[in-house]
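Me: Can you walk me through this one? I'd like to start with the packing and then look at the helices.

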Amino acid sequence: MLEPNDLKLNRVERVIFEEIIEERADWSDHQVRLAAFLARELHIVLDAQQALQTTGYVTHNGRGNPVVHPLVRVVDQGIQRVCAYRRTLRITARAQGGEARDIARRRAIRKEQERNTVRDPDNLIRFPNKDRDDD
């Protein structure tokens with residue numbers, strides 16, 4: 001899938017964009033544009049994190065006093081925007097499968113249904129058998 005024409009992504013952003021696009025199969029034009037924005041934002045966060053690793057999280061102001069590096073704020077705000085884009089695009093674990101408690105509840109219901117299923121030898125559906133080792 002190609003990025004939007006009016007958003008020219010650089011090489012790194014294009015790689016990130018392609019990784020994002022692979023997360024789902026169905027994308028509207030608007031979602032593709034948001035995915036491009038997400039790729040750009042991720043690239044900004046990655047660059048800021050690399051700069052912080054080089055320069056450190058503390059810098060000094062004009063008076064020589066230690067202060068938090070301004071890039072820390074860039075990273076924090078960028079991560080918040082990344083999370084917001086992912087929620088909007090529904091590519092978070094919560095959006096794909098629901099809350100963990102809901103997944104666990106559905107799993108418990110499915111296991112209960114399996115336990116309550118009639119095990120008829122003429123049934124064409126193969127069920128796991130706890131007595132057999134090869135299942």
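**Core and helices**

Reply: Sure. The largest nonpolar core has 16 residues, and the members that touch the most others are Phe17, Ile20, Trp27, Ala35, Leu38, Leu89 and Ile91. Keep in mind that this is a predicted model.

Me: Which elements give two or more residues to this core?

Reply: Helix 1 (11-21), helix 2 (29-55) and helix 3 (70-89) do. Helix 2 supplies the largest share, six residues.

Me: And what does Ile20 touch, leaving out residues up to four places away in sequence?

Reply: Trp27, Ala35, Leu38, Ala39, Leu42 and Ile91.

Me: What's in the second core?

Reply: That one is separate and has five residues, among them Val45, Ala48, Leu52 and Val72.

Me: OK, helix 1 now. Which residues are buried there?

Reply: In helix 1 the buried ones are Glu13, Ile16, Phe17, Ile20 and Ile21. They span an arc of only 140 degrees around the axis, so they sit on the same side of helix 1.

Me: What do the buried residues of helix 1 pack against?

Reply: Helix 2.

Me: Where does the side chain of Asn10 reach at the start of helix 1?

Reply: One of its side-chain oxygens comes within 3.1 Å of the backbone nitrogen of Val12.

Me: Switching to helix 2. How many residues does it have, and what is its reach from first C-alpha to last?

Reply: Helix 2 has 27 residues and reaches 39 Å between those two atoms, close to the 39 Å expected at 1.5 Å a residue.

Me: Which of the helix 2 residues are buried?

Reply: Val32, Leu34, Ala35, Ala36, Leu38, Ala39, Glu41, His43, Val45, Ala48 and Leu52. The cover over the buried residues of helix 2 includes helix 1 and helix 3.

Me: What about the backbone just after helix 2?

Reply: Gly56 is there, with a positive phi of about 95 degrees.

Me: I also want to check Arg90. What's its phi?

Reply: Near 60 degrees, which is a positive value in a residue other than glycine. Most residues other than glycine have a negative phi.

Me: Where is Arg90 in the chain?

Reply: Arg90 lies in the loop between helix 3 and helix 4 (93-97).

Me: Is Arg90 buried or exposed, and why?

Reply: Exposed, because Arg90 has a relative accessibility of 53% and the cut-off for exposed is over 50%.

How values were computed:
Residues numbered from 1 in each chain as written. Predicted model: local features only at pLDDT ≥ 70, side-chain atom pairs only at ≥ 80, totals over all residues. Heavy atoms only, no water. Core = buried A, V, L, I, M, F, W, Y, C linked by side-chain atoms within 4.5 Å. Buried < 20%, exposed > 50% of the residue type's maximum accessible area, 1.4 Å probe, protein only. Helix = DSSP H or I, 4+ residues; strand = E, 2+ residues; numbered from the N terminus. Contact = heavy atoms within 4.5 Å. Arc of directions from axis to C-beta. Polar contact = N/O pair within 3.5 Å; in protein donor to acceptor, adjacent residues only side chain to side chain. Expected span 1.5 Å × (residues − 1).
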